[in-house]
Structure formats: C-alpha cells, structure tokens
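Q: I've got a protein model open on my screen and I'd like to learn how to read it. Can we go through some features together?

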Amino acid sequence: MQLTLWTYEGPPHVGAMRVATAMTDVHYVLHAPQGDTYADLLFTMIERLPRRPPVTYTTFQARDLGGDTAELFKDAARQAMARFNPAAMLVGSSCTAELIQDDPGGLAQALQLTIPVVALELPSYQRKENWGASETFYQLCRHLVHKPAAEKPEKLKKARPTCNILGPSALGFRHRDDVKEITQLLNQLGVDVAVVAPLSASVADVQKLAEADFNVVLYPEIGLAAAQWLQRQFDQPYTKTVPLGSHATRDFIAEVCTLTGLPQPAQDPTNAHAHWYAKSVDSTYLTGKRVYIFGDATHVVAAARIASQEMGFEVVGLGSYSREFAREVRDCGKRYGVEALITDDYLEVETQINALQPELILGTQMERHIAKRQGIPCAVISAPVHVQDFPARYAPQMGFEGANVLFDTWVHPLMMGLEEHLIGMFREDFEFHAGAAPSHLGSTRPAAENVAAVVTAPVPSPVATTTPMPVSAPARTDTLTTDSVQKVAAPAQAASNQATWSPEAEKELGKIPFFVRGKARRNTERFAQDLGVATITVETLYDAKAHFSR
Amino acid sequence: MPIRAETSGCTDVVPLVERGQREVFCGLTGIIWLHRKIQDAFFLVVGSRTCAHLIQSAAGVMIFAEPRFGTAIIDERDLAGLADVHEELDRVVGQLLARRPDIRLLFLVGSCPSEVIKLDLSRAAERQNQIHHPKVRVLNYSGSGIETTFTQGEDACLAAMVPGLPASAPDTAPALMVVGTLADVVEDQMRSLFDRMGLQVSFFPPRNSQAMPVVGPNTRYLLAQPFLADTARALQSRGAQHLAAPFPLGVEGMTAWLQAAATEFGVAPEVFEQATAAPRQRAEKALAVQRQMLQGQRIFFFPDSQLEIPLARFVHRELGMDLVEVGTPYLHRQHMAAELALIPAGTRISEGQDVDLQLDRCIADAPDLVVCGLGLANPLEAQGITTKWAIELVFTPIQGYEQAADLAGLFSRPLKRRLKLAA
C-alpha cells in the first residue's frame, strides 16, 4: 500500500480512454463499477471537448456482483455497437473489474461482432496512465495495421517522402498545437504527413500506417512502443529526437533530412525569435538562474537542455514521474551533474525543492502549487495540467514557434533584467521596497501585516522541520491561521539552537528583495551555525553573502 | 406569497425505473465536502489509483491545500494475500498520523476494490482504534461506487458515526438535532432562527469530532439533506424521532422545515412569525427578480445527488419553471413524501439511469435548461442545450432564506449567459 494525496498519473484505463477519445471511430467498452464515469469530465472539462468520450461503462453495482456481470458486459458491448456503430472496438476492465475476473476479450469475441475488437490487458495495480495509453495504441496498431503492398504501383509513388506522426492523444499537454507546428515544419522540408495517430485518426488511417516512409515519434511515452513495433515489422524507421527547443528542432530537422535524403535548410525560418531574445541584453540577468525541473520524461529531458543551453540557466535538480523512462532521465541528470529524482510522490518533490531553493521551477500543475506556497516563480512544462493549460490560443511547445512560446512562458514569472535592476536601485523606494511583489505577480503580494511579520518575526524556518505540514494553515479560517502561527513560532524559538538575529541584521535582511530573502536567511543561518556565531549581525549577513556568492 | 397551487401532488407517482450505464459519481466524492465540515477528521480511502484520481479530479485545486484526505493505494503485493494487508494498513495509518498529529478522527473509507476483495475495514478500524486510542478514534464506512452514489457517501459516513454519539440523559426535555452537512454560514443562520424561536439545536455532523451531539429517545431530528436514509435509520435505532418536512430549499421549503420543528416543540405562531417574517420577506423579494428570468422555462434534471426532487419543487413552485423530467439516483418515498406532495401530478420522475436513453429523451424534449453532471454538460451545450452543472448545487450554500435567491441565480445564470452571448 502506498499513501497518496496526489497522483501525477491516472490508472491505465484512463490512458486507454485518451487513445479512444483521440480517435474518430473507435469505441471503448469498459467493464467498470458505477462512479468510474468520473473520467469523462477530464475530457469534457479540462480539454473542453464538445462531445462525450466514446466510452461505454458497464457501471455494475453491488447487487450485480452476485449475478452475471459477464452478461452485463455483453449487453453493454452489444448496445454500444448498435448505437455508435464504430469501426473498431476496444474492450477492457478497470481496476475493480480486473478483480472480478470477467474476461472482456473472450466475452466480446463471443458476440461475433463484424468489426475488429481489441482486448486490452491493463494491469491497474502495477501500471499507470501513460503506460495504458502506450499499450492501447500499440495493441491497436498490432490489430489494425495492414501490411503494405510489396511494390507500390507506379501511379501511387509519391514525389515527396511521407511520414506518420505518432503519439499525440486526447488530454495531451499542447498536443493539438504541436501537431500543427510539426506538420508545417515537415511540409516546409518537403515531407508530407500521411497519418497523425491516435489524435484525429480513424481506423482506416491506422490501417495505413505502414505505408509511410518513416515515423515521427512526438511523445515517446505514448508513441514509442508502436513505432518500435512498426520498425520491427515493416522496417519503418522512426525519429529519436523530440523537437522541443531550438537546438532540438534543428537536430530533428537534420534527422529527418538524413532519413529522407532531403537537403537541410541553410537557416532557421523567420519566426525563430527565441534564440535572439535569449541573446539580447535584457536576458543577461537570466544567466545562472537556478532552475528545478520535474514532469514527464520527454518534457523534462528537453527542458533541461533548453534551460542549460538556450536560456543559460543552471539546472540544480530534475526528476520525473515516468518510471518507464527512468534511465533516460537519469542519464540526463548526469549531464547536468545532478541526480535525477524518479518518483510519483509529490512530497518527495516538495522536499527536494525545499532543500534546493531554486529560483525557477519548471514542472506540472503540482509543482506550480508547491512553487506558489514557497513563493518561487514557476512555469508549467508537462502534464498533468489544469484547464488553463489547454488554451484557446495557438501555443505549441515544439518547433520554432514552440521555442518562442517556451521563452515567453519561462521568463514571464521571473524578474526581467530591467525590473530587477530597478528594484536593486530603488530598494528603499515605497514602490520597490522589499515586500513589493513584481508587478506581474500581484496576486502573490503578501498582505501588509504579513510583510511586517516576516521582517520582525524570529526565524520561522525551523518550523518547517518541526511541523510536517505547516501548509495546512492557509486552508483553515483566518483566526486559526493566526493562532497556529503564534503557537508554532514560540516553541521554534525556544527549541532552536540556531543563532538569533540582531534587530539591525533583521532589518538589513528586510532590505533584500523578498524573492531571494528566504535563501539569504537560510544561507546566513547555515553560515552562522557552521561558525558557531550566536547572534547574527549585519556583519554576519554580509560575510555570509560573500561566502556564498557565486 | 406567489407560490403555485397545484390540485394534486405526485405522492403516488410510479417513477420510470431504468438500469443501464449510470453517469454519476461514487460515494467517495462526499469526502470533499465532509472533510471541510469536520475540521479534525481525516478520510483515508483504501482503494486503487482510480480512487485517488477520482478524488483529485473532483477536488480540483483544493487538493493542494494539503487537505485532510488521501488514498492508501492497494498494489499487487496487497492483492497476493490478505494477511499482509492489515500490517500494511498499520504502516500507512502510522505514517499518516505521524504527519498529521492534529487528527482526532480517522475514517477508513471503503472503495470498490476493497469491497470486492472483501477487505474487512471494520476489523481494520477496530485494530487501528486499539493502536491509536485514545488520541485518535477510527471509524469506517464504504464510499464505493458499487454501493453508493455521490451524496450517499455522506449518508454512509454519518451513519457510521451515529453508534458512537454520546447518549443523552433519559430525563431531559426533548431536544432538536439538524442532520446533514451544511455550509457553516447556513448553519449559523439556522441556529439564529431557532434561537429566536427559543429552541436549542445541535448540528450533525459537528464541526469538530470532540463536540459530537448527544442523541437519545428525547431527540427530535430534522433532515437538512434528502440523501440520509441510513443515517436516519441509525438515529431511529438510538431512539431519535424524525420530524417529517420538506427540505429547507427556497422560501417555502425553509418555512415548512422550520415549522415542523416549531410545531413539535410548541412554538407559538406569533413567535414563529416574528422570527421568520423579516428573512422570509427579504428572500421573496430577491426571488421575484429571478422569477422574471425563469418563469415558464422548461427544466430537465439528470440524476446526481437526490437533491433533484426538492430542487424541482422549488424551481416549479417559487420560480414558475415547468418540469420536463426529474431524475434521481434513488427515491426514498418516506423522506421525500412532503416534497412529492408539492410536485405537480403527472410529472415524469425517473429513478436510476440508462444514460443513453435518458439523453435521447432529453434531446427529444428540448428543454430550456438541463441540470446534469460535468461529463454531459459541455456535450449538451455543444448541441445547443443550456445546462447547469449539478455538482455546484452540492458545494454551494443553497439552503435557507438568505441563500434562496442565490440558488435561483444558479439556474438563471446559464440562461442569462446564453442570451448575452447570442446577442
């Protein structure tokens, strides 16, 4: 058993739903208890789909368990067939149905449907959502893909090479726009896209997959298993580079040109702004910003490269919840001299972020909330995401336009050079005082009395170690918050063997902009402790600053 | 008061009973509002990743406030042999309570997987009780989809608490208890209204597990929520007596609900009038504005929370809406009797669901407003049908006089929006 408050991934049948929902004429009959239909709203609300996911649930209840749940499944499959008339059907069990051991595959076979039926074995107690999506797509390919004719008839031979795009699915982070961006990119190179799958693909499209010259794997978490199978079966090569970031996009272009024998374009297209933006002087302040990266494997590995080579950040930590790609992420970590954290426990991520105190976090929805609690700037780079990360506007992550989007998205939460300069220059000014939040982070501006408390209250940091969940406080009422703050602050003061701050040093600390104040406080205390200093003075503060300055 | 008079009610209605795919939440979802109410309780679901994912999806951003609920995810090793599961649970509960020393009441919440593998959570709760006594009390109930639909999770939770409620002294005067989770603001308003009538009242569930209300043969209870069949039965077995009443939705419902208590405790009519007149008039005035928008609009309820029948009564009688179909996941005749009497005869009432057939009916009926879950709302909107998502009716304070117009506003807003965007 594993204690979980938050899960990065859903169960594997949600992955299967992502594939079924992405496609146009596949129906999924899912043996599942009443209540599992909750997953529909991920698609109708987060992705804002204007239609119901093509999933029929058996929704068995306790009273059905004594009777014939197998019959219930067969009825559901028959009715789904009659009502939705799909071109292929997926059948499978959710976690509970897995325990009651009806066999959806066998039961569906007994119905003798006239369409292909793909039985899914998704072990819910071992695997998760991305694996479920990958397995579903792989099984669909195995059942559906036709062997292409040995020699293409002369008239069907195309002048331009063709490829498929594999991996995009429903509920995928920016999949819609990535497909558009990469399709344009390939077209400009002289490559035609034959089939995009599973997103918007029909059964007939999947049947034709083997006819293209090569495959583009955009999301290895979902598309790699199918691509590898296609390579084994039909000698169809696939691309290994995911075109996330300017450098990777250029590598991707080179890879495609090698595969197809097409000439490589001499220069980037005119819309490739990110490279120049990163070179412009206002970006100088981004140099060496300490960044922490967490998400699915593909986006983390790519983000680390962009952060380090294209933005000039320092990668101080990275990790992923994608156990299937742990090796790739660990290798990536080694390149930046950090040990990758492979976990699906967000508390471990939070602990690591806490210890590292990065200046920017790139992560999922969960890291966004960790960052908010700790007052650290953050940008979302990977699923799971909330509704705001399925934007109405064009917002790819891949290709050159994707690189532009990434530059804006990552830099926005940071202080830009000019603003940071102004705050340094006018830090005593009422508009730029230490408690002032950056203008674009207005909502994180602490209330006036809280600022005073931060500046005058003695050392709140040990509280974090003595009370495991100080963050529960904001969820309570205001009075409770005040109470608990007072309660925890007092013992922390008494129990701590740490140095105390002199009033002058405390005041000086208050002059440091709030977004680095936590780090300064921490560093100074560590410095004082190492040296056995009892009272932190202004001198100690600046000694520590000199000691830690990079 | 401009309330529609009907010649006869719907008391003897034969509902359309359907079985098929049900597009509803399971009882685990109840945790999301229950944990907000009982401030020192933690809800530990024993289930699968699906359960954790469900609560996370339903709780939205609330999960990030380090909420007092979580899931002990069953894995392969647990499925291999039952003996080991109890030790695993010991470990997980120990880990949890070490993290959250402020927890005084822990619920082990059963799920479909735990029910199907016949994990004995009541024995597990007993065992945890022995380990963590007296600091933490451990109870169990099932919120599984195979046994409970959405709000029935609250019913199961409250019913599990009833046997542990302290017994009232046998010779005390009859006392009033209000049963069902209400927003704190609603509870405070109700308390003040009862105060003005000179009635002492306790609320169940309480805001803190250390302040459980007493119960006994002198307890008279009012149900504030319609989905509390098992809780009512458990209270009955402790000797408490149910006061039949409509539910406190809208001016009419709230007045009749208060009146049931006033009658039982012999509150003088003029005292009742004095206590309720001002808020009642205020609410009627506010409702009149909403009625202009909603009068004559045809409304269709998909089953969700068992609140549908009281809501249908409110929108029909106080807002002048016409009822096309009123779906409920479960129809408790006795608790719904006072409500059914106020629903116009001939109203199509359905119990249970076959979602595809119900969608066919809905589209054929072309109602002006459809109350349904989030899985159906956007797909229906895309077909040109205006919807109100049902779950909001459970999370928003809607009971009592001061909220009557807010409740009406939940129905009028989507219609207003449609008009605005069309213009």
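A: Sure. This is a predicted model, so keep that in mind throughout. Let's start with Arg77(B), which is partly exposed, with a relative accessible area of 48%.

Q: What does Arg77(B) form a salt bridge with?
A: Look for a side-chain nitrogen of Lys or Arg within 4 Å of a carboxyl oxygen of Asp or Glu. Here the partner is Glu88(B), with the closest N and O atoms 3.8 Å apart. Arg77(B) sits in helix α3 (residues 76-80) of chain B and Glu88(B) in helix α4 (residues 83-99), 11 residues apart.

Q: And is Glu88(B) buried or exposed?
A: The cut-off for buried is under 20% relative accessible area. Glu88(B) comes out at 9%, so it counts as buried.

Q: Do salt bridges always come as single pairs, or what else can I find in chain B?
A: They can share partners. In chain B, such bridges join Lys37(B), Asp184(B), Glu187(B), Asp188(B), Arg191(B) and Arg207(B) into one network.

Q: Which parts of chain B does the pair Arg361(B) and Glu18(B) link?
A: When you meet a bridge, check where each end lives. Arg361(B) belongs to helix α14 (residues 355-365) and Glu18(B) to strand β1 (residues 16-19), and 343 residues separate them in sequence. Their side chains meet at 3.1 Å, N to O. Arg361(B) is buried at 17% relative accessible area, and Glu18(B) is buried too, at 13%.

Q: How many salt bridges are there over all chains?
A: The structure holds 45. One in chain A joins Asp389(A) and Arg174(A), at 2.8 Å from N to O. Asp389(A) lies in the loop between β13 (378-380) and α17 (399-411), while Arg174(A) lies in the loop between β6 (162-166) and α8 (175-189), so the pair ties together parts that are 215 residues apart in sequence. Both residues are buried.

Q: What about a residue such as Val45(B): where does it lie?
A: Val45(B) is part of strand β2 (residues 41-47) of chain B. With a relative accessibility of 0%, Val45(B) counts as buried.

Q: Which residues is Val45(B) in contact with, leaving aside neighbours within four places in sequence?
A: Skipping those neighbours lets you look at what the fold brings together. The contacts of Val45(B) include Leu28(B), Ile31(B), Cys51(B), Ala72(B) and Val109(B). For a distance in space, try Val138(B): it is 93 residues from Val45(B) in sequence and 13 Å away, C-alpha to C-alpha.

Q: Now for the two chains. How many residues does the contact take from each?
A: Count the residues on both sides, then look at the area. Chain A gives 62 residues and chain B gives 68. Together the chains bury about 5,600 Å², with 59% of that on carbon and sulfur atoms.

Q: How many salt bridges and polar contacts cross between chain A and chain B?
A: There are five salt bridges between them, one of which pairs Glu23(B) with Arg52(A) at 3.7 Å, N to O. The interface also has 22 residue pairs in polar contact. On the side of chain A that touches chain B, helix α2 (residues 40-46) supplies the largest share, five residues. That side divides into 30 nonpolar, 18 polar and 14 charged residues.

Q: Which strands do bridges join across the chains?
A: Strand β1 (residues 2-4) of chain A runs antiparallel to strand β3 (residues 69-73) of chain B, and three bridges join them. To find one, go to Gln2(A), whose bridge partner is Ile73(B).

Note on methods: Residues numbered from 1 in each chain as written. Chains lettered and ligands numbered in written order. Predicted model: local features only at pLDDT ≥ 70, side-chain atom pairs only at ≥ 80, totals over all residues. Heavy atoms only, no water. Contact = heavy atoms within 4.5 Å. Buried area = accessible area lost by both parts, 1.4 Å probe. Polar contact = N/O pair within 3.5 Å; in protein donor to acceptor, adjacent residues only side chain to side chain. Helix = DSSP H or I, 4+ residues; strand = E, 2+ residues; numbered from the N terminus. Nonpolar A, V, L, I, M, F, W, Y, C, P; charged D, E, K, R; others polar. Pairing = 2+ DSSP bridges. Buried < 20%, exposed > 50% of the residue type's maximum accessible area, 1.4 Å probe, protein only.
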